[in-house]
Amino acid sequence: MHVAVFYQHYHTPDCPTAARPYALVQALAARHRVTLIATDAWRPQRITHDFAWIPPGVEAHWLGVPYANAMGPGRRLRSYLQYALCALLQSRRVDRPDVVFGSSTPLTAALAAALAARRWGVPWVFEVRDLWPDFPIEMGAVQSPRLQHLLYEIERWLYRSAARIVTASPDQTAHVHAQVARPEKVSTVEYGTELDLVAAIREENLDALRARLAPNGQRIVLYAGSFGRANAIPTLVDTAARLESRADVCFVFAGDGFYAPLLRRAAERLPNVRLLPPQPRRRALALFCLADLTLVPFIDLPVLATNGPSKLYDSLAAGTPVVVTNPGWTKRLVETHGCGWFVPAACPDRLAACIATLADAPDRLQRAGARAAAHARRRFDLAAHMARPRAIVEAAASHP
């Protein structure tokens, strides 16, 4: 079977981000012919070279469309539109596939996949990684009522036209169910993480990392990921400031993004803040294994409560409990399985109090971490997860 895959944001585990696009393409290529239409914008952010840029057996068409997290709304919109146009033009040079797989974000990438599938006369599968256009609208990036209306119309058409829909969280599935006539065509496939990479982390490497980041045996509170506008970084800085007097607790931030200057100033000013550059997957997973507690924060917007944050899965797989700040499915997960705690968004006093309480209760952290690891082994093995979207793609091709 021939599968055409549309990803604007394609990257590998050598990049400082989630590994789902690479894992999905790899799973499809294990059984089928795969043509990937993507941008090469993430290649300069490749930190290590442990993985081939594309898995064996994948034919890639790279589009020269720039993108960076530091872009403002206008430049991002141009990048999104440019990818959609270039991907559609490139698809005319690709052999007709049996099925198309298109992923958002952004919505325009999925639109390109849908239009190409319509021209080819084949079914397509829509992967919803973030809820668009709710995300840019709630973030204030799209303020024109006319443009908002147009984007919502495109979203509804994409849901209707897709043969199958794959979401990244139960709350995203509930959102899509409310808009489709056939809810049975919607499946939830959480991100998961690479349990094999976690198992391969060596204790001596963790000891060396601990000696560098917490030489006095401090408990490590970790935030690893984007320093973006949605990630409540100012709240975390305020929390660290409230715990400055706790010599037994330190905060480690690993990543980059909009709030990087704020964190650089915090690292200079606060003795309990450590700042690291973006990390590739192996190093990032080592940080999660090293940490005593991981923070998974977002600002208080309804759409962000539906997210499937990759750091959540990474932390659970590493056996490190988490604190989440949104009252959606992540709150239900950590409370149901006893692998973390909930603190409302934008509450640095309550977050600091929670961290201080847990730092004084190592047995609670250890028990929650054991439950986190057990749940991740049962539910969040990325390799096993990718068999599900592959089966969904196969089903869409056979029974559109």
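Contact here means that heavy atoms lie within 4.5 Å of each other. The structure is a predicted model, in which local features need pLDDT of at least 70 and side-chain atom pairs count only at pLDDT 80 or more, while totals for chains, interfaces and linings use all residues. Residues are numbered from 1 along each chain as its sequence is written, and side-chain values use heavy atoms, with hydrogens and water left out.

With that meaning of contact, Trp-124 touches, not counting residues up to four places away in sequence, a set of residues that includes Val-100, Ala-110, Ala-117, Leu-158 and Arg-164. Trp-124 is, together with Phe-6 and Phe-126, one of the residues with the most contacts inside the largest nonpolar core, which has 113 residues; such a core is a set of buried Ala, Val, Leu, Ile, Met, Phe, Trp, Tyr and Cys residues joined through side-chain atoms within 4.5 Å, where buried means under 20% relative accessible area with a 1.4 Å probe, counting protein chains only. Helix H3 (residues 107-120) gives this core its largest share, 10 residues. Apart from it lies another core, of 30 residues, among them Leu-263 and Trp-341.

Across the chain, the secondary structure comes to 17 helices and 13 strands, these being DSSP runs numbered from the N terminus, with at least four residues for helices (H or I) and at least two for strands (E). Six of the strands form an open, parallel sheet in the order E10-E9-E8-E11-E12-E13, two strands being paired if DSSP finds at least two bridges between them. Strand E10 (273-276) and strand E13 (340-342) are the edge strands. Within the sheet, E8 (residues 219-226) pairs with E11 (residues 293-296) over two bridges, and Val-221 has Leu-293 as its bridge partner in E11.

Conventions: Buried means under 20% relative accessible area, exposed over 50%, partly exposed in between (1.4 Å probe, protein chains only).
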